[in-house]
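Trainee: Could we go through this model together, one question at a time? I would like to practise reasoning from the coordinates.

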Amino acid sequence: MLDLAGAPMGPERLAHWPPDLSAMDASWAPSVQLFLGSAQGQALSMRLTQALAEGRTLYPPEPFKMLSLTPLDRVRVVILGQDPYHGHGQAHGLAFSVSAGVPWPPSLRNIFKEIQTSLGLPPPAHGCLVRWAKQGVLLLNTCLTVEAGLPASHARWGWEALTDSLVKLVAQSDKPVVFMLWGAHAQAKKKILDAVAGSSKHLILQSNHPSPLSAMRPPLPFLGCGHFASAQLFADRNGEQAITW
C-alpha cells in the first residue's frame with residue numbers, strides 16, 4: 001500500500017509488544033534496554049501486552065521510531081509533546097508528525113501556522129516530519145503509546161521514566177541544544193534540565209501545547225511563541241547551520 005506521496009505505508013497500529021528494536025540507533029539502545037529491564041519497564045510491558053491481548057487498538061505502530069532517525073550525537077533540537085495522536089492512521093512514531101497523505105491534525109496545523117508566522121515559510125506539501133528528524137530534531141512525546149480515541153490513556157504507565165532518561169541524556173550533551181517544551185507534561189521535564197550541570201548552554205523554550213484547546217491560552221500561548229525563530233537565532237549564535245523547517 002502506498003501513501004499519496006508514493007511511499008510504502010507501514011502498519012497503522014501497534015501489532016505486538018515488545019516491538020522490534022533492531023532499527024534503533026545504538027546511541028539510545030542502552031537507556032531503552034535498561035528501562036525495559038527495570039521494574040517500571042516490566043510493569044509497562046505487562047500492561048501493553050494485556051491491552052493488546054484484549055484487542056485494544058494502540059498507537060503508534062513503532063513507538064521508538066524517533067530513536068532510529070535521530071542519533072543522540074546529532075540532536076540539535078528537542079520538540080517535546082504529550083502523547084501520540086489517538087486517531088486512526090495518524091501517529092507513526094514521531095511526535096506531531098503524520099505520514100504523507102494523512103490530513104493534518106489540528107496541533108500540526110497550528111505548528112505550521114506558527115512557522116509561517118515567525119519565519120515566513122509557506123505550508124509544506126505534507127505533514128511528515130521525517131525531514132526534521134534527519135536534521136537532528138528529536139520529535140519526542142513524554143508518553144510513547146496511547147489507546148485509540150483516548151488521549152493521555154497511557155500517562156503514568158511508566159513511559160515518563162524512560163523519556164526522563166532520554167531528555168537527561170540529551171541535556172548532558174557537550175553541544176548546545178534547543179528544547180521546546182510544549183504543554184504541561186513537557187514542561188514537567190524542565191526540572192531535569194535544570195538539574196544537569198552545564199545545562200545553561202542550552203536554550204529552553206516553553207509554551208502551551210499547540211492543540212486548539214490551549215494554543216492561544218495565556219500565559220504561554222503557543223501561537224506567537226516565536227520558538228522556531230528563536231531556534232534559528234540560537235543556531236546562528238553557535239555557528240551551526242539552521243534547521244530547514
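Mentor: Gladly; what follows is a set of questions and answers on this predicted model.

Trainee: Let's begin with a strand. How many of the residues of β2 are buried?

Mentor: Strand β2 covers residues 77-81. In a regular strand the side chains alternate between the two faces of the sheet. On one side of β2 sit V77, I79 and G81, and on the other V78 and L80, and both faces are covered. The number of buried residues in β2 is therefore five of five, with buried meaning under 20% relative accessible area.

Trainee: Which residue of β3 is the bridge partner of V78?

Mentor: Strand β3 spans residues 137-141 and runs parallel to β2, with five bridges joining the two. Within β3, the bridge partner of V78 is L138.

Trainee: And in β5, which residue is the bridge partner of I79?

Mentor: Strand β5, residues 178-182, also pairs with β2 in the parallel sense, here over four bridges. The partner of I79 in β5 is M180.

Trainee: Now to α9. Which residues of α9 are exposed on the face turned away from its buried side?

Mentor: Start with the buried residues of α9, which are H227, F228, A231, Q232, F234 and A235. They lie on the same side of α9 because they cover an arc of only 160° around the axis. An α-helix has 3.6 residues a turn, so residues three or four places apart point the same way. The face of α9 turned away from that buried side carries the exposed residues L233, D236 and R237.

Trainee: What covers the buried residues of α9?

Mentor: Look for elements in contact with H227, F228, A231, Q232, F234 and A235, the buried residues of α9. The cover includes both helices and strands: α4, α5 (130-133), β2, β5 and β6 (203-207).

Trainee: Which residue just after α9 takes a positive phi?

Mentor: Helix α9 covers residues 227-237, so the place to look is just past its end. The phi there is about 70°, and the residue is G239.

Trainee: Let's turn to empty space. What is the volume of the largest cavity?

Mentor: The count comes to one cavity of 30 Å³ or more. The lining of the largest cavity has 14 residues, with R76, V178, A231, A235 and E240 the closest to its centre. Helix α9 gives the largest share of that lining, four residues, and the lining as a whole divides into nine nonpolar, three polar and two charged residues. The space in the largest cavity is about 90 Å³.

Trainee: Which element supplies the largest share of the lining of the largest pocket?

Mentor: The largest pocket has a volume of about 520 Å³ and is lined by 32 residues, with D83, P84, Y85, S107 and H209 nearest its centre. That lining divides into 17 nonpolar, 13 polar and two charged residues. At least two residues each come from α4 (106-119), β3 and α7 (184-187). The largest share, three residues, comes from β3.

Trainee: Is L121 buried, exposed or partly exposed, and why?

Mentor: L121 is found in the loop between α4 and α5. Beyond residues up to four places away in sequence, L121 touches I115, Q116 and W245. Its relative accessibility is 31%, which lies between the 20% and 50% cut-offs, so L121 counts as partly exposed.

Trainee: What is omega for the cis peptide bond that joins Y59 and P60?

Mentor: P60 is in the loop between β1 (58-59) and α3 (65-69). A cis peptide bond also joins W17 and P18, with omega about 0°; P18 is in the segment before α1 (29-37). For Y59 and P60, omega is about -5°.

Trainee: One last pair: A152 has a positive phi although it is not a glycine. What is the relative accessible area of R156?

Mentor: A152 lies in the loop between β4 (146-147) and α6 (159-171), and R156 lies in the loop between β4 and α6 as well. Phi is about 60° for A152 and near 65° for R156, which is not a glycine either. A152 counts as partly exposed at 28% relative accessibility. R156 is exposed, and its relative accessible area is 69%.

Technical notes:
Residues numbered from 1 in each chain as written. Predicted model: local features only at pLDDT ≥ 70, side-chain atom pairs only at ≥ 80, totals over all residues. Heavy atoms only, no water. Buried < 20%, exposed > 50% of the residue type's maximum accessible area, 1.4 Å probe, protein only. Pairing = 2+ DSSP bridges. 1 Å grid on protein atoms, 1.4 Å probe; cavity = no way out; pocket = protein on both sides within 12 Å on 5 of 7 lines; lining within 4 Å. Points joined across faces, edges and corners; volume = space filled by probe spheres on them. Nonpolar A, V, L, I, M, F, W, Y, C, P; charged D, E, K, R; others polar. Arc of directions from axis to C-beta. Contact = heavy atoms within 4.5 Å.
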